[in-house]
Amino acid sequence: MKRRLLALTLAALPLWAHAANPADAPDLPPRAQVLDAVLGSPQVRAAGSQISVEEARSRRLEAGNHEWTLRLMDQQRRVRPAPAGRYNEWEVGVERAVRLPGKLDLDRQLGAAGIASARIARGDALHETSRMLLANWFDWLRENAAADQWRRQRDILARQAQVVQRRVELGDAPRLERLQADAALAQAEAQLAQATGRAQVAAESLRRLYPALTLPPSVPETPPTAVDDDAAGWVAAILEHNHELGVARSESARARIGASRTDAERRPDPTVGVHAARDKGSEEQVVGLSLLIPLSGAGRRADADAAVANAETASWREAGVLRKVEAEAAALHRRARAAWAGWQSQQAAADALGRSADLTERAWQLGEGSLTDTLNARRLAHEARLAARLAGLDASEARYRLLLDAHRLWPLDMDAHDDDHDHP
């Protein structure tokens, strides 16, 4: 298994050369684990098995539907009047329909188109599984970030509660401030418990969905990276590698070949045969050839018309997918740019409110402010800090999603011969 995984990794190195450097993505799982998780997913394995189905169908198309038919007949003849008698007679023959020239080539094209479509569909399964893995990973990061931020808030409020308690004991503060500090601390502990529970649920879901992933005890808080403003370049890169569009194009090509093949059936395949017979107790011996030619009718013409309409439908479906993918790619780039700008604003607000909370607490410690103002300032700073961390994760996820769709993050173009069939 390790040798096979190493071989897959080495085969994908040219693709990884265009992807982000692993050192630049400490907030993502290791690529070897991602590769193992994606290849081992049921969706990808099912898509890989479908390739085998299409390969078998291709062999069937090349072999054709016509087979040899053996015909046997045994009979008894009675002759009257004289000389009356009974004669045993028999006949044996074989016959087979013959595929007309040109149909075999179309059948081969149709089989090859089916295999190509299945391979692209496997790439689409790889892509969709990678998308889900990325989304689930960042869901877990967001829940972890929320739990970590509430833990920090709890620690700050616990420290404040200790200071308040000491001041109340010394008679420098009213008992009301102690109640306020204890209430704020209890609220923070409740929020921390809820956030920790959500993080544990997200982690368990990630482990169940992707057993190959090993969740680290902590993930470093990494600031997001900005995306360049070359929207046209990103859209072109996504269109070049988009599997959904590839599937639509392959199905459209397959439908056009199918239309040509159905139209060819308007010229029916003749059936040729040879037979031998013995009549009147072997007094007569017969050897002959047979030729059966079906006459094309309205049914075959209707089938051809339906195939042409189906090819036109597939062509329009391809055009619709192209328009959809273009719009999604442009929106994804714009979302990544906007998410990074939003994180910058949130970060600036968090820094300012954090300094304000520190100054307010310092003033309260010097007797120049109230505990209520301090708690409010600390709450606002906490909310801003949490919003900034979540905005940073949103920006990172949007950028990684853009890289993923452009095939610059993880290898998604690996061919499937027998590698995924041996995957555990």
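In the predicted model, a salt bridge links arginine 254 to glutamate 54, with the closest N and O atoms lying 3.1 Å apart. Because arginine 254 belongs to helix 8 (residues 243–264) and glutamate 54 to helix 4, this pair ties together parts that are 200 residues apart in sequence. The two partners differ in their accessibility: glutamate 54 is buried, at 5% relative accessibility, whereas arginine 254 is partly exposed, with a relative accessible area of 23%. In general, side chains of opposite charge can pair when their charged atoms come close, and the structure holds 36 salt bridges.

Two further salt bridges were examined individually. In one of them, aspartate 263 pairs with arginine 266, the closest N and O atoms being separated by 3.8 Å; aspartate 263 is partly exposed at 39% relative accessibility, and arginine 266 is likewise partly exposed, at 35%. In the other, the side chains of glutamate 383 and arginine 379 meet at an N to O distance of 3.4 Å. Both glutamate 383 and arginine 379 are located in helix 10 (residues 371–405), where a spacing of 4 residues corresponds to about one turn of the helix. Glutamate 383 has a relative accessibility of 40% and counts as partly exposed, as does arginine 379 at 38%. Elsewhere, salt bridges with shared partners join Arg99, Lys103, Asp107, Arg261, Glu265, Asp269 and Arg300 into one network.

Helix 4, which spans residues 42–63, also contains serine 58. The relative accessibility of serine 58 is 15%, and this residue therefore counts as buried, the cut-off being under 20%. Leaving aside residues up to four places away in sequence, serine 58 touches Gly111, Ala112 and Ile115. The C-alpha atom of serine 58 is 7.4 Å from that of leucine 110, although 52 residues separate the two along the chain. Gly111, Ala112 and Ile115, the residues touched by serine 58, fall within the range of helix 5 (residues 103–170).

For helix 5, the length expected from the residue count can be compared with the model. At 1.5 Å a residue, the 68 residues of this helix should span 100 Å, and the end C-alpha atoms are 100 Å apart, which agrees with the expectation. Glycine 171 follows helix 5 and has a positive phi, near 80°.

The protein chain as a whole comprises 10 helices and 4 strands, and from the N terminus on these elements run in the order α-α-α-α-β-β-α-α-α-α-β-β-α-α. Of its 424 residues, 39% count as buried. When contacts between residues at least 6 apart in sequence are considered, 82% join residues that are at least 24 apart.

Histidine 275 lies in strand 3, which covers residues 271–279, and is buried at 18% relative accessibility. With residues up to four places away in sequence not counted, histidine 275 touches Arg71, Glu91, Val92 and Gly93, together with Val286, Val287, Gly288 and Leu289. One of these contacts, Leu289, also contributes to a nonpolar surface patch of about 680 Å², which is made by Trp68, Leu70, Leu72, Val94, Val274 and Leu289. Within this patch, tryptophan 68 is placed in the loop between helix 4 and strand 1 (69–79) and counts as exposed, with a relative accessibility of 61%. Over the entire protein chain, about 23500 Å² is exposed, of which carbon and sulfur atoms supply 54%.

The confidence of the prediction varies along the sequence. The protein chain averages a pLDDT of 86, and 90% of the residues score at least 70. Over residues 1–23, however, the pLDDT is below 50, and this stretch has 28 contacts in the model beyond near neighbours in sequence. The pLDDT is also below 50 over residues 416–424, a stretch for which the model contains 23 contacts beyond near neighbours in sequence.

Notes. Residues are numbered from 1 along each chain as its sequence is written. Side-chain values use heavy atoms; hydrogens and water are left out. Helices (H or I, at least four residues) and strands (E, at least two) are DSSP runs, numbered from the N terminus. Buried means under 20% relative accessible area, exposed over 50%, partly exposed in between (1.4 Å probe, protein chains only). Contact means heavy atoms within 4.5 Å. A salt bridge is a side-chain nitrogen of Lys or Arg within 4 Å of a carboxyl oxygen of Asp or Glu. Accessible areas come from the Shrake-Rupley method with a 1.4 Å probe; for residues, only the protein chains shown count as cover. Patches are made of residues with over 30% relative accessible area and no salt bridge: like charges are joined within 9 Å, nonpolar side chains (Val, Leu, Ile, Met, Phe, Trp, Tyr) within 5 Å. The expected span of a helix is 1.5 Å times one less than its number of residues. pLDDT is the predictor's confidence in each residue, from 0 to 100.
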